[in-house]
Amino acid sequence: MNRKVGLFFGSFNPIHTGHLIIANHMVENSDLDEVWLIVTPHNPLKKKSTLLDNHHRLEMVYKACEGYEKLKPSDIEFGLKQPNYTVDTLAHLQEKYPTNDFCLIMGEDNLKSLHRWKNYEVILEHHEIYVYPRIASGKTSEEFKDHAKIVRVDAPIVEISATFIRKSIAEKKNVRPLLAAKVWEYIDLMNFYK
Ligand SMILES: Nc1ncnc2c1ncn2[C@@H]1O[C@H](COP(=O)(O)OP(=O)(O)OP(=O)(O)O)[C@@H](O)[C@H]1O
Ligand SMILES: O=C(O)c1ccc[n+]([C@@H]2O[C@H](COP(=O)([O-])O)[C@@H](O)[C@H]2O)c1
C-alpha cells in the first residue's frame with residue numbers, strides 16, 4: 001500500500017507548540033503514516049521582512065521534532081523558485097516520490113485564503129486537505145464548505161501564533177511554554193526577534 005504523508009507547510013517563524021500539537025494530532029488520529037513539516041522560504045501572500053533566515057527556521061523545526069518519530073522536517077522548498085507556490089511544490093514532490101499519497105495539513109486561517117492560492121483547483125483535484133480548527137478573521141469561501149476533498153478535523157483549538165510569540169519576545173516577555181524547550185533555548189541564545 002502507498003504511504004500516506006501529510007504535508008504541513010509553514011513559515012515556522014518560529015515553530016511553536018501549536019504547530020507540534022497539530023502535527024502530532026494529525027499523525028496519531030488519522031490515516032497518515034507520517035507528517036512532513038516543510039519550511040517555506042517565502043509565502044507568496046506574506047511580506048518577507050520579518051522572516052528569519054531559512055536555515056535558522058529549519059534548525060528550529062529539527063529541534064522541535066526531536067523525539068517525534070513520525071514528524072519529519074523538510075527543506076524541499078529551499079531549492080525551488082520563490083515565492084513558493086504550493087501547487088508547484090506538490091508537483092515536484094509527487095514526481096520525486098511517485099508511490100506516496102500526499103495530502104495537505106493547514107489551519108483554518110489558511111483555508112480562508114485558499115481561494116487566492118495559485119491553481120487551488122488543481123491542488124484539490126489531486127490532494128485532500130486536512131483542516132485544523134483555528135479562530136481567524138475572514139470567511140471561508142462557499143466552494144470549500146462541503147467540499148469532498150476538504151476534511152475538517154475535530155480537535156481542540158490552540159490559540160498560539162508565531163506573530164504573538166515574536167511580539168512578546170520583542171517586549172521582553174517570557175514565552176517559554178509556547179515553544180519546545182530546545183527551540184526556546186536556541187531563540188534565546190541567538191537573540192532572535194528582539
Ligand atoms: N494555533 C494554530 N491553530 C491552527 N493552525 C495553526 C496554528 N498555528 C499555526 N497554524 C497553521 O500552521 C501552518 C503554518 O503556520 P505559520 O508558520 O504561519 O504559523 P502562524 O502561527 O500562523 O504564524 P504567523 O503568526 O507568523 O502568521 C498554517 O497552516 C497555519 O494555519
Ligand atoms: O500557493 C500559493 O499560492 C500559496 C499562497 C499562500 C500560502 N501558501 C503556502 O501556505 C503555507 C503556509 O504559509 P504560512 O506563512 O501561513 O505558514 C506556506 O507553505 C505557503 O507557501 C501558498
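In the predicted model, ligand 1 is surrounded by 18 residues, and those that come nearest are Gly10, Gly18, Gly107, Ala162 and Thr163. Two or more residues of this shell are supplied by each of α1, β4, α4 (108-111) and α6 (162-170). The largest share comes from α1, with three residues. By residue class, the shell around ligand 1 consists of seven nonpolar, nine polar and two charged residues.

Around ligand 2 there are 15 residues, of which Phe9, Gly10, Ser11, Thr40 and Trp117 are the closest. The elements contributing two or more residues to this second shell are β1 (3-10) and α3 (86-96). Six nonpolar, seven polar and two charged residues make up the shell around ligand 2. Gly10 is thus listed among the nearest residues of ligand 1 and among the closest residues of ligand 2.

The strands form an open sheet of six, in the order β3-β2-β1-β4-β5-β6, and their pairing is parallel. The edges are occupied by β3 (71-74) and β6 (150-152); each has a single partner strand, so one side of each has no neighbour in the sheet. From one strand to the next, the twist averages 30°. In general, the strands of a sheet pair through backbone hydrogen bonds, in either a parallel or an antiparallel arrangement.

Strand β1 has a partner on each side in the strand order, β2 and β4. With β2 (residues 34-39), β1 pairs in the parallel sense over six bridges. Within this pairing, Gly6 has Val35 of β2 as its bridge partner, and Gly10 stands opposite Val39 of β2. Gly10, one of the residues closest to ligand 2, therefore also takes part in the sheet, standing opposite Val39. Parallel pairing also links β1 to β4 (residues 100-107), and six bridges join these two strands. Arg3 is matched with Asn100 of β4, and Leu7 is matched with Leu104 of β4. The chain passes from β1 to β2 by way of helix α1 (residues 17-28), and this β-α-β crossover is right-handed.

On its other side in the strand order, β4 is followed by β5. Strand β5 (residues 129-132) runs parallel to β4 and is joined to β4 by four bridges. In this pair, Ile105 stands opposite Tyr130 of β5. Besides its place in the sheet, β4 gives two or more residues to the shell around ligand 1.

Helix α2 (residues 54-65) lies across β2 and β3 and runs at about 155° to β2. Packing of two helices is described in general by the angle between their axes and the distance between those axes. For α2 and helix α7 (residues 181-190), the packing angle is about 150° and the axes are 7 Å apart. The two helices are accordingly roughly antiparallel. In the contact, Glu59, Met60, Lys63 and Ala64 of α2 meet Lys182, Val183 and Tyr186 of α7. The residues of this contact comprise four nonpolar, no polar and three charged.

Key
Residues numbered from 1 in each chain as written. Chains lettered and ligands numbered in written order. Predicted model: local features only at pLDDT ≥ 70, side-chain atom pairs only at ≥ 80, totals over all residues. Near = placed C-beta within 6 Å. Nonpolar A, V, L, I, M, F, W, Y, C, P; charged D, E, K, R; others polar. Pairing = 2+ DSSP bridges. Axes fitted to C-alpha atoms, helices over the stretch in contact; angles between N-to-C directions. Contact = placed C-beta atoms within 7 Å. Parallel < 35°, antiparallel > 145°, perpendicular 65-115°, else oblique. Right-handed = clockwise from strand over helix to strand, strands pointing away.
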